[in-house]
Amino acid sequence: MADTDTIRTVVGIIGNVISFFLFLSPGPTFVKILKAKSVMEFRPDPYIATVLNCAVWVFYGMPFVHPDSLLVITINGFGLAIELLYVSIFFIYSDWSKRQKIIIALIVEAVFMAVLIFVTLTFLHGTKDRSMLIGIVAIVFNVIMYTSPLTVMKKVITTKSVKYMPFYLSLANFANGIVWACYALLKFDPYILIPNGLGSLSGLVQLILFAAFYRTTNWDEDEKEVELSTSKSNKSDV
């Protein structure tokens, strides 16, 4: 019979695979943006929030903060890189006012991480205290990441359209939360359990909204909007 550590490692690997696809799931959205050369009505909020979330979790997984957390580092390191790519695409195809907001948000996040790392390594000695501080911070920003789609969910309810709430992202969020919650339960880690339990709940709500408003969504408008945005972009290039 496999011991708890082995099972936890296997579940962690499964979590890495699901998280890998979670980070790649917005791909179709960015294909639309690249084709249209416009962000249209898509919002960068979830991706900017995820940048900070991944950065905090990478730091949490460091051996001098929380030992034996290699699987946490690997997937969040990949996530940090891919989310920065998404934000860069948003930046390129946004107008100046939106670009300013993105720049300010990233600067604030960079300064916050610098202060957090300095305080942790300078004033806290021992992995227990460091794990507690970074774990609490990680919970807060995980909650922010999972609640950032609230703006999108509000739009879904008011417009009765799920066009701007990617299905695969919602599904991946739900599955990811479930698996990492199981991972945290096998060797109890409240800092991983709490945010991922909330994440699975957030993903479930999004899936329910998708099922409720799928039929009322006018998918034909999506292609027209891409064509219109492409046309405007081409005119501006002339």
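**Group meeting: a walk from His66**

Okay, let's start at His66, which sits in the loop between α3 (45-60) and α4. Keep in mind that this is a predicted model.

So what does His66 touch, leaving out residues up to four places away in sequence? You'll find Tyr60, Gly61, Ser131 and Asp189 there. With Ser131 there's also a polar contact, side chain to side chain, of 3.0 Å.

Asp189 has another job to show you: Asp189 caps the N-terminal end of α9, with a side-chain oxygen 3.1 Å from the backbone nitrogen of Tyr191. Now α9 itself. This helix runs over residues 190-213, and at 1.5 Å a residue its 24 residues should span 34 Å. The end C-alpha atoms are 35 Å apart, which agrees.

Back to α4, residues 70-92, and its partner α1, residues 4-24. When two helices pack, people describe them by the angle between their axes and the distance between the axes. Here the angle is about 0 degrees and the axes are 10 Å apart. Anything under 35 degrees counts as roughly parallel, so α1 and α4 are roughly parallel to each other. On the α1 side, the contact includes Ile13, Phe20 and Phe23; on the α4 side, Ile75, Phe78 and Ile82 are among them. The residues of this contact split into nine nonpolar, six polar and one charged.

Last thing, confidence. The chain's average pLDDT is 85, and 89% of the residues score at least 70. Helix α5 (residues 96-123) is highest, at a mean of 95, while helix α10 (residues 220-237) is lowest, at 52. Over residues 233-238 the pLDDT drops below 50, and that stretch has four contacts in the model beyond near neighbours in sequence.

Methods: Residues are numbered from 1 along each chain as its sequence is written. This is a predicted model: local features need pLDDT of at least 70, side-chain atom pairs count only at pLDDT 80 or more; totals for chains, interfaces and linings use all residues. Side-chain values use heavy atoms; hydrogens and water are left out. Helices (H or I, at least four residues) and strands (E, at least two) are DSSP runs, numbered from the N terminus. The expected span of a helix is 1.5 Å times one less than its number of residues. A polar contact is a pair of N or O atoms within 3.5 Å; within protein, one must be able to donate a hydrogen and the other to accept it, and residues adjacent in sequence count only if both atoms are side-chain atoms. Axes are lines fitted to C-alpha atoms, for helices over the stretch in contact, and angles run from 0 to 180 degrees between N-to-C directions. Angles under 35 degrees count as roughly parallel, over 145 as roughly antiparallel, 65 to 115 as roughly perpendicular and the rest as oblique. Contact means heavy atoms within 4.5 Å. Ala, Val, Leu, Ile, Met, Phe, Trp, Tyr, Cys and Pro count as nonpolar, Asp, Glu, Lys and Arg as charged, and the others, Gly among them, as polar. pLDDT is the predictor's confidence in each residue, from 0 to 100.
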